[in-house]
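I opened this notebook to record what I looked up in the model and what each look-up returned. The entries follow the order in which I went through them.

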Amino acid sequence: MYGDTEPAAAAAAEPTAFRRAEKQYKLYKPLKPKGGRARSKPGGGGGGGGLEDLSAVVDFHALLAAAAGGGGELPAGIGRRDVAGFDLFCFLDRPGFYFIPGALSIEEQCYWIRESLKTFPQPPNRTNLTALYGPIFDLLTAAKSGKILVEVGNPNDQERSEQNSDGRKSNSFKFLEDTEIHKGEVCRSTAATTLVRKLRWSTLGLQFDWSKRNYDVSLPHNKIPDLLSALAKKMAIPAMPSGEEFKPEAAIVNYYGPSDMLGGHVDDMEADWSKPIVSISLGCKCIFLLGGKTRDEVPTAMFLRSGDIVLMAGEARECFHGVPRIFTGSDQAEISALVPQLSAEDDSFILNYIQNSRININIRQVY
Ligand SMILES: O=C(O)CCC(=O)C(=O)O
Ligand SMILES: [Fe+2]
């Protein structure tokens, strides 16, 4: 997928402006010449190359710092507003898009990072792993204690295998200690730590069905946790039609590893686009692309850092957006402030995870 074409050449070959921007910013792994050692690509950016051109990426925190230093007019097209007591940025040509820099304290960020790994993937919430393994309980606890998810039972064994809702028999999986596994008996096994790394999304509240790209209200679900609901209601205020309160009914939690990206898309499965999507960034810094109503409009690139919140309502709901790039590694991820808060023994797995990952929680009113 990565690493075979120079970014500039790859970008130029793309048919739409959005795809060109995605190619421009995505992570290019070093080229591996046949039979030789990997070498860094000239001008290719990549893991630690540092040669890529990020000068066009809007950096709202740098704008804040410049303003605090008494200088710096805002670049053309960017506004800074006080809306309902929130100090936020917007783009003059993208009504309905709001950027709230540093909306969450370090303590709040750590709380939501822990919840994203510990509570949010718990059944009945579904994750990308559910289709492969069935419901997995206590994944984080299993990962912290080095457990292994093991397939138990034989599809032809009436007693041990379980029935799916469609009547097919399927094996079930359970966590075991390494010492409990008898080689030769095990069909499939995966370390819980690997599964956490493979976690790509989980859904809270009304469950989103990715195959139908719609909400499936018949699926069992819990309501959005009260604290998350309260946070979303508060943060949605600047983008809400006046006098109305945001009703958090569903959330998608995205988990990004170093080379993961989220392709350009529009979130159009909610009934009322006047209500915002409240989108929380946690962990490693990323580039977020905000385009127009077609992929042909050139998107604006901006950095999102841990604790930033983005709101998309009204016309901005119709705009293509995506995440082409995550910055991992201590100098680029910009998460050093989280480290002291996650330095207790019990948090060591989470600290290790978040140093190479970004989590996004986006909360929606569906009806
Ligand atoms: O990760 C992000 O910041 C954006 C996520 C997003 O657009 C989505 O889940 O629909
Ligand atoms: Fe989205």
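**Entry 1: the annotated domain.** I began with residues 247-367, over which the chain is 9% helix and 37% strand, with the end C-alpha atoms 9 Å apart. The range itself comes from UniProt, where an unreviewed entry lists residues 247-367 as "domain: Fe2OG dioxygenase". I note here that the model is predicted, and I read every value below with that in mind.

**Entry 2: the chain as a whole.** I then stepped back to the full chain, whose secondary structure comes to 11 helices and 19 strands. Of its 367 residues, 35% count as buried. Looking at contacts in the chain with a separation of 6 or more, I found that residues 24 or more positions apart account for 72% of them.

**Entry 3: the shell around ligand 1.** Which residues surround ligand 1? I listed Ile 252, Asn 254, Leu 262, Asp 267, Ser 279, Ser 281, Phe 288, Leu 304, His 321, Val 323, Asn 360 and Asn 362. By type, the residues of this shell divide into five nonpolar, six polar and one charged. I also traced them to secondary structure: strand 12 (250-256), strand 14 (277-283), strand 18 (321-326) and strand 19 (358-364) each supply at least two residues of the shell.

**Entry 4: the listed binding-site residues.** Under "binding site", the unreviewed UniProt entry lists His 265, Asp 267 and His 321. Although these residues are spread over 57 residues of sequence, they cluster in space, with a largest C-alpha distance of 9.0 Å. Asp 267 and His 321 are also among the residues that surround ligand 1, and I took these two in turn.

Is Asp 267 buried or exposed? I counted 17 other C-beta atoms within 10 Å of Asp 267, so the residue is partly exposed. Asp 267 sits in the loop between strand 13 (262-265) and strand 14, and its contacts, leaving aside neighbours within four places in sequence, are Ile 277 and Arg 317.

His 321, by contrast in setting, is found in strand 18, and it counts as buried because it has 23 C-beta neighbours inside 10 Å. Not counting residues up to four places away in sequence, His 321 touches Gly 264, Phe 288, Leu 289, Leu 290 and Gly 291; Phe 288 also belongs to the shell around ligand 1.

**Entry 5: the nonpolar core.** I next looked up the largest nonpolar core, which has 83 residues, and those with the most contacts inside it are Val 196, Val 278 and Leu 311. I followed Val 278 further: leaving aside neighbours within four places in sequence, it is in contact with Ala 232, Met 235, Ala 236, Ile 309, Leu 311, Asn 362 and Ile 363. Of these partners, Asn 362 also appears in the shell around ligand 1.

**Entry 6: helix 2.** In helix 2 (residues 17-25), I found Phe 18, Ala 21, Glu 22, Gln 24 and Tyr 25 to be buried. Seen down the axis of the helix, these buried residues fall within an arc of 160°, so they line one face of helix 2.

**Entry 7: backbone exceptions.** As a reminder to myself, most residues other than glycine have a negative phi, and most peptide bonds are trans. Ala 84 has a positive phi of about 50° although it is not a glycine. It lies in the loop between strand 1 (78-83) and strand 2 (86-91), and with 12 other C-beta atoms within 10 Å it is exposed. Arg 213 likewise has a positive phi of about 50°; it is found in the loop between strand 10 (208-209) and strand 11 (214-215) and counts as exposed, with 11 C-beta neighbours inside 10 Å. A cis peptide bond, with omega about 10°, joins Pro 123 and Pro 124, and Pro 124 lies in the loop between helix 5 (106-118) and helix 6 (130-133).

**Entry 8: Pro 238.** My last look-up was Pro 238, in the loop between helix 9 (226-236) and strand 12. Pro 238 is partly exposed, because 19 other C-beta atoms lie within 10 Å and 20 or more would be needed to call it buried. Not counting residues up to four places away in sequence, Pro 238 touches Val 83, Ala 84, Phe 86, Leu 88, Tyr 98 and Leu 311.

Terms used:
Residues numbered from 1 in each chain as written. Chains lettered and ligands numbered in written order. Predicted model: local features only at pLDDT ≥ 70, side-chain atom pairs only at ≥ 80, totals over all residues. Helix = DSSP H or I, 4+ residues; strand = E, 2+ residues; numbered from the N terminus. Arc of directions from axis to C-beta. Core = buried A, V, L, I, M, F, W, Y, C linked by C-beta atoms within 7 Å. Contact = placed C-beta atoms within 7 Å. Near = placed C-beta within 6 Å. Nonpolar A, V, L, I, M, F, W, Y, C, P; charged D, E, K, R; others polar. UniProt positions renumbered as here; feature names shortened; annotations may be inferred.
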